Amino acid sequence: MNNPLLSDNELPPFNAIQPEHIEPAITQLIEHSLSSVEQLLATQQQPGWQTLLQPLENLEDKIQQAWSPVGHLNGVAQSDALRLAYDNCLPKLSEYHTRLGQNKALFTAYQQLKDSAEFSDLSAAQQKVITNALRDFRLSGIDLPADEQRRFADIQKRLAELASDFSNNVLDATQAWSKLISDADELAGVPETALNAARVAAENKSKEGFLLTLDAPCYIAVVTYADDPGLRREMYTAYTSRASEIGPNAGAYDNSANMVEILSLRREMAQLLGYPTYADYSLATKMAPQAATVLAFLQELAEKSRPNAQQELQELRDFAAQHGGTSELAAWDLAYYSEKLRQHKYAVSQEELRPYFPAAKVLEGLFAVTARLFNVNIEADAAIETWHEDAQVFDVYRDQQLIARFYIDLYARENKRGGAWMDECRVRRQRDDGSIQLPVAYLTCNFMAPAGSKPSLLTFNEVTTLFHEFGHGLQHMLTAIDCAGVSGINGVAWDAVELPSQFLENWCWQKSVIPLISAHYETGEPLPESLLDKLLAAKNFQSGMQMLRQIEFALFDFELHQAGDINSAEDIQALLNNVRDRVAVLQPPPENRFQHGFSHIFAGGYAAGYYSYKWAEVLAADAFAVFEEHGIFDPATGRDFLNKILSRGGSVDALELFKNFRGREPAVDALLRHAGID
Ligand code: ZN
């Protein structure tokens with residue numbers, strides 16, 4: 001069989017790839033890679049970049065070149081056969097990476113290279129590849145004594161089980177509660193779409209009426225819109241006590257013991273690796289230098305946002321008192337009156353903005369912004385094959401030289417995964433012959449497709465989404481780094497990944513950019529300034545309260561992973577109460593068990609990392625502030641950002657890159673100003 005995934009191609013041969021090619025290709029590449037690694041290690045006297053790391057990079061790139069189009073097709077053009085082949089390969093790839101990560105001889109070879117005379121002659125990027133690899137080997141417990149290594153492995157295994165139990169409990173608790181309502185009047189205020197969904201949910205259970213559930217869309221619709229405070233309270237209580245010892249399903253899916261065991265094992269694991277707490281362990285792979293920095297950062301944001309949040313709460317209380325409620329806002333009144341107030345102050349619907357944002361115009365504007373900021377030209381390339389007629393390829397040129405490419409696939413359709421994302425197709429790297437492999441990115445969105453003569457029209461949220469994903473794409477495409485491990489989006493610290501994406505979003509909100517990205521599809525008029533003003537005002541609605549809410553979660557997460565004395569669910573509650581006393585402007589009722597459903601930190605990847613959301617926002621706002629000072633299209637500032645941050649990928653520590661650009665540590669002021677908090 002001539003397998004297109006095994007042949008060398010500049011770009012993936014999408015039309016030739018068939019599901020039956022996938023497993024044989026990936027299996028063969030993995031086997032080849034593993035035996036090549038053994039061979040390489042057996043022949044090394046003194047490991048060097050050219051004799052070990054470059055060949056390793058070649059092997060990894062070969063797998064990546066085969067796997068990237070498979071993963072992409074699984075997202076944008078799925079079929080049963082493709083999905084099956086994809087799913088069958090996942091465990092093989094994960095086992096392959098585990099085997100490499102646990103290969104002691106490989107670890108030793110990296111260490112020898114690090115200790116050799118050659119190391120100091122390597123480029124900064126090459127050095128970073130080696131130190132990152134050594135760090136990751138150590139974090140996987142590879143150089144622990146045998147008994148500790150066994151304990152480490154047991155802990156890992158148990159933590160995986162506990163995370164799964166935690167999220168299963170949340171899921172089961174969510175599904176265990178429902179409420180059938182037969183009289184539509186009891187649901188007064190709830191929007192039509194949510195009512196329809198509730199009617200369908202009832203039908204699916206062969207019932208008549210409206211079935212309310214704790215699934216997020218239904219829960220949010222009821223607490224935000226239902227006029228009946230009794231119903232809001234009932235659902236709020238059911239939702240916020242999920243998977244705990246209280247509430248309508250008290251004790252049935254209780255995560256109390258899971259949380260305590262997770263925290264205790266994480267702490268033990270961190271200490272095995274030499275970190276005093278799990279928070280310190282978490283920061284080993286992040287941009288934030290130390291725990292004290294994270295805490296000070298969150299506390300500063302909280303203090304500065306608090307006066308605004310208090311004002312916003314007072315405004316909300318007054319509004320509620322005047323509109324049928326009382327000024328004693330209960331937790332289940334918050335979303336309801338906030339939505340009423342938001343509509344009252346800034347009624348602007350996303351739908352009414354669509355006609356101003358035809359997709360083609362937005363793209364043209366996005367490319368114009370990019371061209372002015374980073375001195376590149378972007379041109380459509382119709383000659384390159386794609387997986388669907390809606391997908392397009394663009395070439396990126398600087399000084400008439402091709403430097404990168406990207407695929408863009410804008411519209412929702414059948415067999416395409418929802419959402420918007422950027423992914424890598426090819427990474428920039430130096431090949432054995434010294435030539436450079438150019439970076440290639442995928443940009444995927446799910447906008448409404450054109451219909452007849454009506455073009456695809458975007459909401460403003462979708463416009464910012466496109467800029468966001470393109471920001472990720474630019475970091476990948478405009479990289480100047482030649483080592484795959486730290487080139488483009490690779491090797492970037494976890495809490496710095498959202499910097500380029502959130503950074504680029506800023507341009508959507510600029511008065512001078514609006515004419516570039518908007519043109520009414522019938523009249524050609526750009527978005528009126530009054531509508532942009534409304535959008536800006538709406539964006540900052542209750543920004544103080546939202547900020548404090550996120551900080552409450554982030555501080556709870558971080559302090560919890562620092563604490564040494566968590567022995568019971570009561571201890572966790574006490575720590576959360578303590579955070580709330582310091583941060584929240586409105587205390588939730590005592591029966592709120594938010595922590596029992598906080599999957600981000602107990603079952604997801606955000607443990608001692610929830611702060612990253614705010615951290616990245618601060619970086620993006622602070623970097624953009626330089627453009628505000630010098631002009632949003634100032635060429636020198638654009639060049640500076642490109643050369644000092646965007647093009648450096650993961651080759652240098654993210655904090656160092658940021659300081660090189662900004663001339664100082666990140667500061668929160670710009671984010672607060674952008675959020676209307678001064
Ligand atoms: Zn992002």
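Start with the largest cavity in this predicted model, which holds about 90 Å³ of space. To find it, select Ala173, Ser241, Arg242, Ala243 and Asn249, which are the closest to its centre among the 14 residues that line it. Colour the lining by class, and the largest cavity shows eight nonpolar, four polar and two charged residues. This cavity is one of three in the structure with a volume of 30 Å³ or more.

Next, go to the second largest cavity, with a volume of about 60 Å³. Select Pro4, Leu5, Ser7, Asn9, Pro12 and Pro13, then add Gln65, Ala66, Pro69 and Arg426; these residues line the second largest cavity. Which helix provides the largest share of this lining? Highlight residues 49-76: this is helix 2, and three residues of the lining come from it. By class, the residues around the second largest cavity are six nonpolar, three polar and one charged.

Keep helix 2 highlighted and turn to the second largest pocket. Its space comes to about 1,600 Å³. Select Glu60, His97, Asn132, Ala133 and Asp136 to centre the view, as these lie nearest the centre of the pocket. The full lining of the second largest pocket has 49 residues.

Now show the helices around this pocket. Each of the following supplies at least two residues of its lining:

- helix 1 (19-43) and helix 2
- helix 3 (80-101) and helix 4 (104-115)
- helix 5 (124-139) and helix 6 (146-176)
- helix 11 (278-283)

Which helix gives the most to the lining of the second largest pocket? That is helix 2, with 10 residues. Colour the pocket lining by class as before: 25 residues are nonpolar, 16 are polar and eight are charged.

For the last stop, leave the cavities and pockets and select a single residue, Thr224. Its place is in helix 8, which covers residues 216-225. Is Thr224 buried or exposed, and why? Thr224 counts as buried because its relative accessible area is 10%, and the cut-off for buried is under 20%.

Show the side chain of Thr224 together with the backbone of Ile220. A polar atom of that side chain lies 2.5 Å from the backbone oxygen of Ile220. Then look further along the sequence for what else touches Thr224. Which residues are in contact with Thr224, once its neighbours within four places in sequence are left aside? Select Ala335, Tyr336 and Glu339 to see these contacts of Thr224.

Notes: Residues are numbered from 1 along each chain as its sequence is written. This is a predicted model: local features need pLDDT of at least 70, side-chain atom pairs count only at pLDDT 80 or more; totals for chains, interfaces and linings use all residues. Side-chain values use heavy atoms; hydrogens and water are left out. Helices (H or I, at least four residues) and strands (E, at least two) are DSSP runs, numbered from the N terminus. Buried means under 20% relative accessible area, exposed over 50%, partly exposed in between (1.4 Å probe, protein chains only). A polar contact is a pair of N or O atoms within 3.5 Å; within protein, one must be able to donate a hydrogen and the other to accept it, and residues adjacent in sequence count only if both atoms are side-chain atoms. Contact means heavy atoms within 4.5 Å. On a 1 Å grid over the protein atoms alone, a cavity is a set of points where a 1.4 Å probe fits but cannot get out, and a pocket is an open set with protein on both sides within 12 Å along at least five of seven lines; lining residues have an atom within 4 Å of a point. Grid points are joined across faces, edges and corners, and a volume is the space filled by probe spheres set on the points. Ala, Val, Leu, Ile, Met, Phe, Trp, Tyr, Cys and Pro count as nonpolar, Asp, Glu, Lys and Arg as charged, and the others, Gly among them, as polar.
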